[in-house]
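This report covers one buried site, the main nonpolar core and one helix. The sequence and model come first.

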Amino acid sequence: MQEVYDFLKKCQTYYLATVDGDQPRVRPFGTVNIFDGKFYIQTGRVKDVSKQIMANPKIEICAFNGQEWIRIQAVAVEDDRVVAKQSMLESYPSLQSRYSATDDNTQVLYLEDATATIASFTGEPKIIKF
């Protein structure tokens with residue numbers, strides 16, 4: 001899990017894919033956090049991405065660091081605990097002007113049944129399950 005976290009932090013931006021009915025949707029994200037032994041992402045409940053995840057929690061994440069790429073398949077599980085939200089916001093102080101651990105909008109989700117594949121054109125893929 002730490003290797004996946006480090007990879008995404010180095011990339012800074014990753015792309016999160018969801019499903020909206022029968023249409024795939026992809027958008028840039030940047031928040032990752034390890035808290036309470038779980039890998040978290042963050043969004044706002046008012047966003048379409050939140051509604052899509054609540055309707056179908058299967059997601060994929062993809063990022064490229066210039067030499068290797070990572071693809072992560074997972075199920076996103078909402079964690080409504082204030083302490084989980086606070087941990088994310090402490091990791092990303094710039095979000096604190098738009099989000100609060102106690103508002104009705106901040107949403108943190110941890111990845112369950114996750115499989116990450118780190119690949120390149122030159123080496124064998126590395127698979128990490130967490």
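## Burial and packing

Ser-87 counts as buried because its relative accessibility is 14%; buried means under 20% relative accessible area, exposed over 50% and partly exposed in between (1.4 Å probe, protein chains only). The model is predicted, with local features needing pLDDT of at least 70 and side-chain atom pairs counting only at pLDDT 80 or more, while totals for chains, interfaces and linings use all residues. Residues are numbered from 1 along each chain as its sequence is written, and side-chain values use heavy atoms, with hydrogens and water left out.

Ser-87 sits in helix α3 (residues 82-91). Helices (H or I, at least four residues) and strands (E, at least two) are DSSP runs, numbered from the N terminus. Not counting residues up to four places away in sequence, Ser-87 touches Asn-33 and Phe-35; contact means heavy atoms within 4.5 Å.

The largest nonpolar core (buried Ala, Val, Leu, Ile, Met, Phe, Trp, Tyr and Cys residues joined through side-chain atoms within 4.5 Å) has 37 residues. Elements that give two or more residues to this core include those in the table.

| Element | Residues |
|---|---|
| α1 | 2-11 |
| β1 | 14-20 |
| β5 | 58-64 |
| β7 | 106-119 |

The largest share of this core, seven residues, comes from β7. Tyr-14 is among the residues with the most contacts inside the core.

In α2, Val-49, Ser-50, Gln-52 and Ile-53 are buried. These residues lie on the same side of α2 because they cover an arc of only 165 degrees around the axis, taken from the directions from the helix axis to the C-beta atoms. Asp-48 and Ala-55 are exposed on the face turned away from the buried side of α2.
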